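Dear colleague,

I am passing on the structure below, and a few notes on what was found in it follow.

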Amino acid sequence: MNPRLLEIRKRKEEIRAALNGNEKVDLKALQEELRSLDAEQKELEERERVAQSITLGNVPENVQQRQNPAAAARPAQGLDSEEYRKAFMAYALRGTPIPAEFRSDAVASTKDAGALIPPTTLNRVIEKVRTYGNILPLVTRTAYKSGLAIPTSDVKPVATWVAEGTGSDKQKKVLGTITFSHFKLRCAVAVTLEAEYMTLSAFEDVLVNNIAEAMAVALEEAIIKGNGTSQPTGIIHDLSKGQTLNVASLSLDTLVKAEAALPQAYEAGSVWVMTKSTWMQFVGMTDSAGQPIARVNVGINGVPERNLLGRDVKLCDYLTDFSSTLTKTDVFAFIYRMKDYVLNTNYNVAMKVYEDNETDDIIRKSIMVVDGKPVDFNSLVLLTGNKTA
């Protein structure tokens with residue numbers, strides 16, 4: 001090794017010790033010196049690398065004999081000969097064709113060279129795709145501290161006609177509140193230090209996408225059917241809320257009854273929510289005039305827009321597929337005005353990367369502190385099975 005390289009590394013250690021010490025130092029001067037040392041070290045290492053590559057050429061015969069005296073007394077034939085090895089080195093280093101006397105007419109196929117030809121790995125990881133992101137954009141998002149309270153009222157004042165010179169009864173406005181607490185949602189993925197620095201860049205991208213997907217899926221599932229004790233309260237958690245229709249089979253009459261149960265004041269903005277399997281059971285049904293009750297249009301951005309009797313349908317994987325065996329507690333579809341669900345986020349960390357000092361594992365972590373509740377159930381129409389549990 002170049003003696004100057006040893007001096008540079010020693011000086012860097014001295015600078016590190018000075019920076020870690022308690023004595024006053026000229027930080028700007030040390031930074032300039034470090035930059036100069038780095039540049040010089042890089043140049044010296046590059047020169048050493050070039051010098052080493054030059055020594056990969058042919059070794060003089062007298063030197064070769066001194067290193068291995070028995071080599072001269074043991075002449076090699078064919079592919080083991082010194083001439084072939086020299087020719088092969090010239091081919092590997094400079095692309096010089098191997099002389100014809102060392103080439104045979106035999107042709108190696110791909111199966112013969114299987115151990116020598118490394119596979120080409122595409123910078124991509126194939127994973128099973130899952131649906132998410134259809135529910136989160138529809139709900140109301142807030143970002144208040146814990147203890148958020150939303151006033152509610154089930155009674156509105158009523159105006160009455162009165163005779164001339166008379167008044168009306170005084171009415172009381174009864175108010176209630178819905179208070180939000182907090183639940184922590186966490187996702188952490190660890191990989192070993194070796195995997196972190198030896199795998200493809202696609203592996204890191206997949207990890208980040210997996211964490212983001214896991215957080216979104218957990219939030220959406222809680223919005224639909226969260227238990228309200230260890231996670232946000234779901235829309236269908238309490239079957240006593242809203243209106244419930246017990247369904248034995250899917251038909252046009254099922255949709256008509258559901259639409260009839262939805263108050264007119266809540267028609268605007270209310271959507272159907274169901275699985276794709278349930279949706280496909282409506283596809284092909286027609287009304288008495290032969291018009292299809294399920295339609296699929298292509299939106300401006302090319303995304304399919306589904307609707308039943310003119311009402312938008314949002315698909316998700318968090319409900320049960322419809323079947324004739326479902327019980328009265330199994331919700332397979334519902335109508336709801338999704339903006340009446342409030343998702344309150346107290347703390348949101350997109351991504352944090354840190355190293356476990358004990359194992360050297362690289363950990364990517366995402367944390368949210370969140371709570372959610374339906375604040376209005378008047379638009380909720382639940383469709384369940386008709387079997388008794």
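A residue is called buried under 20% relative accessible area, exposed over 50% and partly exposed in between, with a 1.4 Å probe and protein chains only. On that scale Leu27 is partly exposed, since its relative accessible area is 47%. This is a predicted model, in which local features need pLDDT of at least 70 and side-chain atom pairs count only at pLDDT 80 or more, while totals for chains, interfaces and linings use all residues. Residues are numbered from 1 along each chain as its sequence is written, and side-chain values use heavy atoms, without hydrogens and water.

Of the 389 residues of the protein, 29% count as buried. The protein has 8 helices and 13 strands, which are DSSP runs numbered from the N terminus (helices H or I, at least four residues; strands E, at least two).

Turning to the sheet, 7 strands form an open one with mixed pairing, in the order β5-β13-β10-β6-β9-β8-β7, where two strands pair if DSSP finds at least two bridges between them. Because β5 (243-246) and β7 (294-298) stand at the edges with a single partner strand each, one side of each is left without a neighbour in the sheet. Within the sheet, β10 (residues 331-337) and β13 (residues 381-384) pair in the antiparallel sense over 4 bridges, and Ile335 stands opposite Val381 in β13.

Leu27 itself lies in helix α2, which covers residues 27-54.

With best regards
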